[in-house]
Amino acid sequence: MAQSATASTPLNPAENKMRKIAVASVIGTTVEWYDLFVFATASALVFNKIFFPNFDPLVGTLLAFGTFAAAYVARIIGAALFGHFGDRLGRKSMLLLSLVTMGAATFAIGLLPNYEAIGVAAPILLLTLRIIQGLALGGEWGGAVLMVVEHAPAKRRGFYGSLVQVGVPGGTLIANLVFLIIAESMPEEMLLDWGWRIPFLASAFLVAIGLYIRLTLEETPSFLAVKDASARAKIPFAELMRKYWKHVLLGGLATLSTGTSFNIMVAFGLTYGKQHLGFSNDTMLFAVLIACASGLILIPAFGALSDRIGRKRVILGGITAEAVVAFPMFWLMDTKSVVMVFCAYLLMMAAFCANYGPIATFLAELFGARVRYSGLSISYMLSGLLGSAATPAVTTALLNATGSGSSVAWYMIGSAAVSGVALLLLRNSGRSDLDDVGAVPASTSSAAAQPAVAP
C-alpha cells in the first residue's frame with residue numbers, strides 16, 4: 001500500500017510545477033514571436049509587392065521594412081503601459097491581455113485588402129495593425145520572462161529563463177515553415193493574391209492554444225511578496241527612472257546586438273540571398289529553418305551554462321562571437337553555395353544563442369521586485385528599437401550603397417562593440433533574492449544582494 005501510494009505521487013512537485021510554468025511560457029511566447037516574425041518574413045517576400053507596388057523594388061522593400069520597424073517604437077510604449085499594470089496588478093493578467101491583443105492584430109492583417117483594392121488606405125491599415133502588434137509584444141515578453149524567472153530556483157534561473165527565449169527561434173521556425181509550405185504549394189501569383197494571408201489567419205489557432213495553457217498559471221512569488229507587503233509602486237515608471245535609469249539604458253544597449261544579428265539572418269538575409277545572390281525563396285527559408293532549429297537546443301544550453309559560470313561571461317562570449325563571425329558569414333554566403341549559406345547561418349545562430357540565451361534572466365536580475373516588469377520590458381524593448389528596428393532598413397540601404405555584404409558585416413561588428421561596452425559597465429549583474437521587496441539597484445547593492453553566481 002505504501003509503495004503504491006509513493007509510486008503514484010510525483011517525486012518532485014516543485015520541479016513539476018516549474019515544468020508546467022516553463023511550457024506555458026514557451027508556448028505563449030512562441031505564439032507572440034510567430035505573430036511578429038511572420039510579418040518580418042512577409043515584409044521581405046511579399047509586402048513590397050502587394051502594399052507598396054508603385055515603388056521601385058528596393059524602395060518598396062525599404063517601406064515594407066519601415067512598417068516592420070514601426071512596431072518597435074510601439075513596443076517601448078507597450079512595455080511602459082503593460083509594465084505599469086504588471087507591477088501594479090500582477091504578471092498573469094497582463095500576459096493574457098497581451099496574447100489576445102497580439103492575436104487579434106495578426107488575424108486582422110490576414111484580412112486586409114491590398115493596395116490595388118483600396119489604395120493608400122491599405123499600407124496605413126497595415127501600419128496601424130503593426131503598431132498594435134508592437135504594443136502587445138512590448139508587454140508580453142517581460143511578463144513571460146518573469147512568470148518563469150520569478151518562480152525558478154536561483155541555481156537554475158538562467159536555464160529556465162532561457163526557455164522563454166526559445167520562443168524567438170521557435171516562432172520564427174513556425175512562421176518560415178508555414179511560408180515555405182505555402183510557397184511550395186502554389187505559384188507566385190496565387191501567393192501574392194491570397195496565399196500570404198494563411199500564416200496570419202492561422203495565428204488564431206495558435207493563440208487559442210496559448211491562451212488555454214496560460215489560464216492555468218499562478219501569480220509569481222515576487223509579485224505576491226510585493227502585494228502582501230503593500231509595497232506596490234504608485235507609478236512604477238517614475239520609480240524605475242529614478243532608481244534604475246542606468247540599468248535600463250545599459251541593459252538595452254547590452255542587448256542591442258542580439259536584435260542586429262537575428263534580423264540580419266531572418267529579415268535582411270532573405271532579401272540579400274534572393275535579390276543579390278540569386279537564391280530562391282525556398283533556399284533562404286530553409287537556411288532560416290535550419291538555423292532556428294539549432295537555436296531550440298543552443299539557447300537553453302547557454303542558459304544552463306550561465307548558471308554555472310555566470311551570465312556576463314556567457315553573454316560577452318556571444319557578443320564577441322557575433323563580431324568574429326560577421327565577415328565569415330558573408331564570405332560563406334557570397335560563394336553562392338547552398339551548403340555554405342547554411343553554414344553561415346549556423347555560425348551566426350550559435351553566436352546569437354550564446355548572447356540571447358542568458359539575457360532575459362540577466363535583465364530580470366537587474367531590477368527590484370516593485371518595478372521589475374517595467375524595467376525588464378522597457379530595457380529589452382529599447383534594445384529592439386536601437387537594434388532590431390533599424391537593422392533591416394539600414395542593412396538594405398548599406399547593400400544598395402556599397403553592393404557588398406562587407407558593409408553589413410561592419411554594421412554587425414559596430415553593434416557588438418556597443419553591446420560589449422555596455423555589458424562591462426554593468427558591474428554587478430544581478431541579485432540572488434528576486435522576492436526582496438526592498439532591493440536596491442544591483443550596481444550599488446550591498447554584499448547581501450550580490451548574484452548567486454559571480455559574473
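This short talk goes through the helices, the nonpolar core and one buried arginine of the structure above.

Please keep in mind that this is a predicted model, in which local features need pLDDT of at least 70 and side-chain atom pairs count only at pLDDT 80 or more, while totals for chains, interfaces and linings use all residues. Residues are numbered from 1 along each chain as its sequence is written, and side-chain values use heavy atoms, with hydrogens and water left out.

Let me start with the chain as a whole. Its secondary structure comes to 21 helices and 0 strands, where helices are DSSP runs of H or I with at least four residues, strands are E runs of at least two, and both are numbered from the N terminus. Of its 455 residues, 58% count as buried, buried meaning under 20% relative accessible area with a 1.4 Å probe and protein chains only. Taking contact to mean heavy atoms within 4.5 Å, among contacts between residues at least 6 apart in sequence, 84% join residues at least 24 apart.

Turning to helix packing, helix α4 (residues 91-109) and helix α6 (residues 121-149) pack at an angle of about 150°, with their axes 8 Å apart; the axes are lines fitted to C-alpha atoms over the stretch in contact, and angles run from 0 to 180 degrees between N-to-C directions. The pair is therefore roughly antiparallel, a label for angles over 145 degrees, just as roughly parallel is for those under 35, roughly perpendicular for 65 to 115 and oblique for the rest. The contact residues include Lys92 and Leu95 of α4, and Glu140 and Ala144 of α6.

By comparison, what angle do the axes of α7 and α8 make? Helix α7 (residues 157-165) and helix α8 (residues 167-185) cross at roughly 25°, their axes coming within 5 Å, and that makes α7 roughly parallel to α8. Here Leu163, Val164 and Gln165 of α7 meet Gly167, Val168 and Pro169 of α8.

Next, the largest nonpolar core, meaning a set of buried Ala, Val, Leu, Ile, Met, Phe, Trp, Tyr and Cys residues joined through side-chain atoms within 4.5 Å. Of its 124 residues, Phe47, Trp141 and Tyr345 touch the most other members, and helix α2 (residues 13-50) gives the most to this core, with 18 residues. Leaving aside neighbours within four places in sequence, Tyr345 is in contact with residues including Ile264, Met284 and Met333.

Finally, is Arg214, in helix α11 (residues 203-214), buried or exposed? Arg214 counts as buried because its relative accessibility is 1%. Beyond its neighbours within four places in sequence, its contacts include Ser25, Thr29, Lys92, Leu95, Glu140 and Ala144.

Notes
Buried < 20%, exposed > 50% of the residue type's maximum accessible area, 1.4 Å probe, protein only.
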